[in-house]
Protein chains: 2
Amino acid sequence: MKKLLPVIALFCISLGLSAQDEKVDLEMVKKIRQEGLNNSKVMDIAFNLTDVSGPRLQGSPGFMRAANYAKGKLTEWGLTDAKLEPWGEFGKGWELEKSYLAMTAPYYRPLIAYPKTWTAGTKGKLKEAEIFLIDETDTTALENYKGKLKDKIILLYKSDKITPSFKADASRYTDEELEKMANDAPQTRSQPDTAFRSMMAAMRRSTLLSTKTKEMAKKEGALALLSMSNRGKDGTLFVSGGGSYKASDPENLLDIMLAAEDYLSLCRLAKAGIPVKMEIDVKTKFYTQDLQGYNVVAEIKGTDPALKDEVVMLGAHLDSWQSSTGATDNAAGSSVMLEAVRILKTLNIQPRRTIRIGLWSAEEQGLHGSRNYVKNHFTDPTTKKSNAEGDKVAAYFNIDNGTGKVRGIYLQGNEACRPIFTKWFEPFHDLGAKTVTIRNTGGTDHLAFVGVGIPGFQFIQDEIEYSTRTHHTNMDSYDHLQGDDLKQVATIVASFVYNAAMRDEKLPRKK
Amino acid sequence: MKKLLPVIALFCISLGLSAQDEKVDLEMVKKIRQEGLNNSKVMDIAFNLTDVSGPRLQGSPGFMRAANYAKGKLTEWGLTDAKLEPWGEFGKGWELEKSYLAMTAPYYRPLIAYPKTWTAGTKGKLKEAEIFLIDETDTTALENYKGKLKDKIILLYKSDKITPSFKADASRYTDEELEKMANDAPQTRSQPDTAFRSMMAAMRRSTLLSTKTKEMAKKEGALALLSMSNRGKDGTLFVSGGGSYKASDPENLLDIMLAAEDYLSLCRLAKAGIPVKMEIDVKTKFYTQDLQGYNVVAEIKGTDPALKDEVVMLGAHLDSWQSSTGATDNAAGSSVMLEAVRILKTLNIQPRRTIRIGLWSAEEQGLHGSRNYVKNHFTDPTTKKSNAEGDKVAAYFNIDNGTGKVRGIYLQGNEACRPIFTKWFEPFHDLGAKTVTIRNTGGTDHLAFVGVGIPGFQFIQDEIEYSTRTHHTNMDSYDHLQGDDLKQVATIVASFVYNAAMRDEKLPRKK
């Protein structure tokens, strides 16, 4: 595969597209670096989005605090028309108002636990609530438990093993890994192997069993369902949603996620026939007054009469899950995007095209904020019908891969952008960023743009502890942000956005 | 240093001591391996000492449950005179009966927190309790806060950084490390370098500041003091004692240890001038009826008329700290020692010397159980006066370095035992155990024996996640035990104990 690069280079040259032809205003890049690396506000912004705002679940007061903070800052920095823009109906908001869970028999043991979002509370403190163990692996056997679940705390038996970490939690891309990504061919897409398929099948069976158990528990009037954090350990829990946010749906049963160590201990005790009791006091609040979703948007107006109606967008989702303050997912991205426009405004740039920031909502529930924004402003993804602004988007840049610094960019199959980005990265080689890969990356808001043909991109970022400790966990807090990395990200994003706003042509679209 | 080995070997040969001369009953070792590796009960024992008994703080009901379980099992297996033997006055027992702590303003946030042992509770639920920040680094400045601490939750400002783990939490000894240990010279003791000394000085200053603040907080009627887990992260807390257990001392102020992420977030909010409020409900119970400490002891009687009054001891401390169930510290060691005597009884061995197991108490507060046992039975460490049994101890073997398998043994400077242990390890080379090092290791109960001249030893064990995740943490639970490792440990300990009980001479004492 290493031989591909010269071939691609040759191909680009034959089309007249080469990194050499792409013009970059190095004086401006120097200023952006100076402001971004030496006068950064990114960690102060992140502090406000995390510690000060709290969890930013879609529709929660924490989200609104953060959104209003962002709007305020964008206005203060001199951006135009900063606002919270509604994008349509999302559903109910939700907030945790109290969470206490402990084992009280056979002895007192505090438990690390977080209610899943959009599940109900306990309506007061439950004392001496009994654990009811369901020790089955298939759904048909659930019939045996019919009529037994009322007023019980339901525990599905698991015998998982927690293994010690002989591999470090944190990592950065090696030169070899980056080189491999740079040399990837477009068609590279590996088929899942047998082991992976069988793991996925086991996961589906386990999920089905949980779902069926939960349905039965709710129907029979159980008090709560306990869930186990499958991937976390050492006090780190992965926890997200557990109930419906649709306005018309009733409140779901309390579904509360326990640290793996605590969950497995309860299982062992219950399986050994030792009566296990708990004290639970969970209060959750549903917000039903305003069912709209809101994105935060603001602009730096374009100044070139011929190009100012065209728009370069940068964005990240502002919403988070609930068990921490969503620092790496995605206060990091939001802070970087805010910092990037702060840098550009501080430098008083006069962009040819309009630059527009979008901080999206309800990403965690299916990219709703960005998808609806694209639908409302640019192109309906179903009908593919574009409105007036639809063809005027020059590019969209997204950050949502944690706190690690930028090592490169995913082309999302848009080969024509390779020489452009290659050139744009040249002033940042010393900061570790240069890889341009043909690969796709998924799971976040750039897909809303890419899906309607807009050149949308997400950067390659160092992993740090994203998969192991922070992504969707109770540990996704400010202290897990890496300030020096985020400064680098904001600087590079500001530079890319500036370049996209200044070049003669919009970024090429995929054929 | 590698040249030392041949010299030592020569020296041993000249004394008539060589590994070749040491006799090992390989048939019996084979049986011990069979029982220990293929029919192990060590994890079942560990389950009973951890999940079933709960935290085993000295003097707590959890300790007594575990001690009585051990006594019951020792009796059931046919050991002689299994009992809880009082060793003198320790002080008050303590137990956690409720622990709830959350931030309620500026928004609701559950906190991961554990009261330090022997501190008082809150006498009911405290709602809307205000955080009071003390942002100082030296004790003289504390004067400025005089008269301001009543009814406040005291928070000492810290600006620590949490760094990602680019090094794995878990490790095993490499061959190179073991070889280096084997070749160490007796006098090897490195002096702490400047960086270490300066770190220690900073720690002492920080501890002094905490102590002074706590004294002042208590005097003025503060509600509680918050502490930060300096070494833990990701939900792992290192937490131990915070109050006096002396019968005559009053209850200390509630001192509650928070996860580093939570503590630092409170500090940032308070320092930014944002009012932080908390809800706390902590109930602790002091046990004052029985102030005695108890060790669990039992014997397999010796059968050789000439040697049966001599005793080979094996032991481990049974007590733990409180925030989890003390699995690696030291249910692991206790389970291994119980399993070792179970193996030996199952094989119906007829040892020449008496074998005695001791499961110690109050190790965490200063090796009190083992020190007093040694004083009561063998030799007074102050007067050095021995009683009748004092010179009859052939050896003492201890396990208290976590869940990792045995890789060798520390000679504690007793060079004469090198050829003996070298021979004893021969049947276990395939299990990764062979290193004999002249080094000392400290911090646990073998020191009580070594201190009065008894040949006392602790094994070299693989680290696994002892320092990073389990030792004195809220994560020291059953799931962090490694079953295969513990089987190996029990098998090797049983074999060593058997060898020591059968050889013609007691193990040589240090000159």
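Visitor: What makes the meeting of the side chains of A:Arg469 and B:Asp169 a salt bridge?

Guide: The name is given when a side-chain nitrogen of Lys or Arg is within 4 Å of a carboxyl oxygen of Asp or Glu. Between A:Arg469 and B:Asp169 the N to O distance is 3.9 Å, and therefore the pair satisfies the rule. Please keep in mind that this is a predicted model, where local features need pLDDT of at least 70, side-chain atom pairs count only at pLDDT 80 or more, and totals for chains, interfaces and linings use all residues. Residues are numbered from 1 along each chain as its sequence is written, chains are lettered from A and ligands numbered from 1 in the order in which they are written, and side-chain values use heavy atoms, with hydrogens and water left out.

Visitor: Which residues are linked with A:Arg469 and B:Asp169 in a network of salt bridges?

Guide: The network joins A:Asp169, A:Asp234 and A:Arg469 with B:Asp169, B:Asp234 and B:Arg469. One of its links is the salt bridge of B:Asp234 with B:Arg469, where the closest N and O atoms are 2.6 Å apart. B:Asp234 sits in the loop between strand 7 (224-228) and strand 8 (255-258) of chain B, and B:Arg469 in helix 12 (residues 466-470) of chain B, so this pair ties together parts that are 235 residues apart in sequence; helices (H or I, at least four residues) and strands (E, at least two) are DSSP runs, numbered from the N terminus.

Visitor: Is B:Asp234 called buried or exposed, and what is the value behind that name?

Guide: A residue is buried under 20% relative accessible area, exposed over 50%, and partly exposed in between, with a 1.4 Å probe and protein chains only. B:Asp234 has 0% relative accessibility and therefore counts as buried. The relative accessible area of B:Arg469 is 2%, so B:Arg469 is buried as well.

Visitor: How do you know that A:Arg356 forms a salt bridge with A:Glu389?

Guide: The closest N and O atoms of A:Arg356 and A:Glu389 are 2.5 Å apart, so the cut-off is met. This pair links distant parts of the chain, with A:Arg356 in strand 12 (residues 354-360) and A:Glu389 in the loop between helix 9 (368-377) and strand 13 (393-398) of chain A, 33 residues apart. A:Arg356 is buried at a relative accessible area of 8%, whereas A:Glu389, at 22%, counts as partly exposed.

Visitor: What ties B:Asp262 to B:Arg109?

Guide: Their side chains meet in a salt bridge, with an N to O distance of 3.0 Å. B:Asp262 belongs to helix 7 of chain B and B:Arg109 to strand 3 of chain B, so the parts they tie together are 153 residues apart in sequence. Both residues are buried.

Visitor: How many salt bridges are counted between chain B and chain A?

Guide: There are twelve between the two chains, while the count over all chains comes to 72. The two chains bury about 4,300 Å² between them, 57% of it on carbon and sulfur atoms; buried area is the accessible area (1.4 Å probe) that two parts lose on being put together, summed over both. Chain B gives 54 residues to the contact and chain A gives 54 residues, where contact means heavy atoms within 4.5 Å.

Visitor: Which residues have the most contacts inside the largest nonpolar core?

Guide: They are A:Phe397, A:Phe421, B:Phe397 and B:Phe421, in a core of 260 residues. Apart from this core lies another, of 14 residues, among them A:Met257, A:Ala259, B:Ile112 and B:Leu237. The name nonpolar core stands for a set of buried Ala, Val, Leu, Ile, Met, Phe, Trp, Tyr and Cys residues joined through side-chain atoms within 4.5 Å. B:Phe421 touches residues including B:Phe397, B:Ile409, B:Phe457 and B:Leu507, not counting residues up to four places away in sequence.

Visitor: What is said of the phi of A:Trp118?

Guide: Phi of A:Trp118 is near 60 degrees, which is a positive value in a residue other than glycine. A:Trp118 is in the loop between strand 4 (113-115) and strand 5 (126-134) of chain A, and with a relative accessible area of 1% A:Trp118 is buried. A:Asp151 has a positive phi of about 60 degrees although it is not a glycine, but with a relative accessible area of 44% A:Asp151 is partly exposed.
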